[in-house]
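I opened this model today to go through it piece by piece. These are my notes, in the order I looked things up.

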Amino acid sequence: MSAWKVQFDALIAPAVAKSAVTERLIIDRGAIAHVGPATAALTDTRKAIVFADQAGFDAAGSAVCDSLRASGFAVDQLVLTNDPLPKASVDEAAPFLSRLKADAFLFPVSVGSGVINDLVKFAAFETDRRYVSVATAASMDGYTSAGAPLARDGFKVTIPTRAPVALVADLDVIANAPAEMTGWGYGDLAGKSPAGGDWLLAELVGAEARDDTAWPLVQDHLRDWLSGPEALATGDFDACARLFIGLTAVGFAMEFHGTSRPASGADHQIAHMWEMEGHSINGIKVSHGAAVAVGCMVSLALYDWLLAQDLSRITAPAPDIDTSLAELARVIPDPRIADRAVAETRAKWPDLPTHKDRLARVRAHWPKTRDLMQQHLFRAQEMQSMLMAAGAPSTAADIGVSSDHLERTIRAAAYIRSRYTILDFLKEAGLFEDALSAVLARLKGGSVKGAAE
Ligand SMILES: [Zn+2]
């Protein structure tokens, strides 16, 4: 049996059994033929509507419609144009919403990747409908997650929704997706490495303990899922299946934990800044996974630097909120983003006793946390080679972000989420400026060769 099938049985099948929402998960070659029978088993209605973007419909739409019809469904379809490409925003879900609102018996089937799945997830949730998702690329981890990361009034938030009741991933479709989309999925998965580091730091300072479900589900398998990136670039079925399983497992980890903590840290905060700014390269908005790949590299470079420090005697004055809010205003000029960022920043701001307690914990437990980080974290240089092999971006320049823009983004990122990450840790330990200068100097040439100092 292929290694990925063993993992499917060992990891994914139990996760589906445990999931409160997802009842079926089919990953295989030719899996599209199962869409109709699987949907028919989940609903009494025999009216389905296929929601897709043009790329998703081109990849799998007709086969999905055929399978649904063969299982007795009357099938309607609504395909969003690819000019302009659909945006990950609540407003973009309006046509899906209005179709579902108009007919209580329509069963929604999403055909596409990240954005389409999130739009349908949102529209289905808003109309209290279950839905089936047909994945057309291993491009992100959100297929089975409960939340839909969409912009609302210009600010990217994870909107509480429900995961699909069934997810179908046809490896013949996934492996034929544009290579860059597979690279985005690899980048999104790579971000789990520093996100795990952020969780360890949050636990170290007493901000947020790890759990014994989501943490091992992601961190115990990450090295395996990320191994052999060269095969992805050639559309190898087994490699694509392994990546898809990794992304899917992460989605379940988020569901079981109830937040995106298992999947998202400073790497995603950095990426969210570029996504919220609508940063584009060659006229095309930067994709989530591409932005995360670069955020991941920044975060891992910060970890390389941090792991070289001796924190057993660390002391630092408490950070000053007024100074931080002044910086926030400077690095986040968009008032819609800045207003939310102020609230998120205040929500995690430590009072003086908390600050002192955090530093005392660091002094007491740093060696143990550092050992755990050395086990779990990839080094930046190793990750850069892997991202490049997978066809993912690995430098800010790869996604058209200048050095100044990169610095502004790293400074801004910590403010946009109340989640505790390495950025907060460095600031509270009085190490942020030193770490930032070292990392910016190291990342400047585009390559992360050499030591962190
Ligand atoms: Zn992500």
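How many bridges join strand β6 to strand β7, and do they run parallel or antiparallel? I count on the model here, which is a predicted one. Six bridges join β6 (residues 147-152) to β7 (residues 155-160), and the two strands run antiparallel. I checked one pair: Arg152 stands opposite Phe155 in β7. The hairpin of β6 and β7 has two residues between the strands. Asp153 in this hairpin takes a positive phi near 55 degrees.

**Entry: the open sheet**

Next I looked up the sheet. Six strands form an open sheet, and the pairing is parallel. I wrote down the order as β1-β8-β5-β4-β2-β3. β1 (24-28) and β3 stand at the edges with a single partner strand each, so one side of each has no neighbour in the sheet. From one strand to the next, the twist averages 15 degrees.

I then took one pair from inside that order. Strand β2 (residues 47-53) and strand β4 (residues 106-112) run parallel and are joined by six bridges. Ala48 stands opposite Phe107 in β4. As a reminder to myself, strands of a sheet pair through backbone hydrogen bonds, either parallel or antiparallel.

**Entry: the zinc ion**

Which residues coordinate the zinc ion? I found Asp188 (OD), His268 (NE2) and His288 (NE2), at 2.1 to 2.2 Å. Along the chain, the donors follow the spacing D-x79-H-x19-H. The two histidines are 20 residues apart and link distant parts of the chain. His268 is in helix α13 (residues 266-277), and His288 is in helix α14 (residues 288-307).

I also compared their exposure. His268 has 5% relative accessibility, so this residue counts as buried, being under the 20% cut-off. His288 has a relative accessible area of 22%, which means partly exposed.

**Entry: unusual backbone**

I searched for backbone exceptions next. Most residues other than glycine have a negative phi, and most peptide bonds are trans.

Where does a cis peptide bond turn up? The bond from Asp83 to Pro84 is cis, with omega near 5 degrees. Pro84 lies in the loop between β3 (74-80) and α4 (94-102).

Asp128 has a positive phi of about 55 degrees although it is not a glycine. I placed Asp128 in the loop between α5 (114-126) and β5 (132-135). Its relative accessibility is 63%, so Asp128 counts as exposed.

Asn282 also has a positive phi, near 55 degrees, and is a residue other than glycine. Asn282 lies in the loop between β9 (280-281) and β10 (284-285). Is Asn282 buried or exposed? At 76% relative accessibility, Asn282 counts as exposed.

**Entry: the second largest pocket**

I turned to empty space. Rolling a probe the size of a water molecule over the atoms shows where such space is left.

The second largest pocket holds about 350 Å³ of space. It is lined by 20 residues, and the closest to its centre are Pro319, Ser324, Glu327, Tyr415 and Lys427. I noted four helices that each supply at least two lining residues: α15 (321-331), α16 (335-348), α20 (422-428) and α21 (432-443). α20 gives the most to this lining, with four residues. By class, the lining of the second largest pocket has eight nonpolar, four polar and eight charged residues.

**Entry: the cavity**

How many cavities of 30 Å³ or more does a search of the whole structure find? The search finds one. About 50 Å³ of space lies in the largest cavity. I listed its lining as Val205, His355, Arg358, Leu359, Val362, Tyr420, Phe425, Glu428 and Ala429. α17 (352-376) and α20 are the elements that give two or more residues to this lining. Which element gives the largest share? α17 does, with four residues. The lining of the largest cavity divides into six nonpolar, one polar and two charged residues.

I closed the page on α20, which I had met in both searches: α20 supplies lining residues to the second largest pocket and to the largest cavity.

Notes
Residues numbered from 1 in each chain as written. Predicted model: local features only at pLDDT ≥ 70, side-chain atom pairs only at ≥ 80, totals over all residues. Heavy atoms only, no water. Donors = N, O, S within 2.8 Å, 3.2 Å for Na, K, Ca; no water. Buried < 20%, exposed > 50% of the residue type's maximum accessible area, 1.4 Å probe, protein only. 1 Å grid on protein atoms, 1.4 Å probe; cavity = no way out; pocket = protein on both sides within 12 Å on 5 of 7 lines; lining within 4 Å. Points joined across faces, edges and corners; volume = space filled by probe spheres on them. Nonpolar A, V, L, I, M, F, W, Y, C, P; charged D, E, K, R; others polar. Pairing = 2+ DSSP bridges. Axes fitted to C-alpha atoms, helices over the stretch in contact; angles between N-to-C directions.
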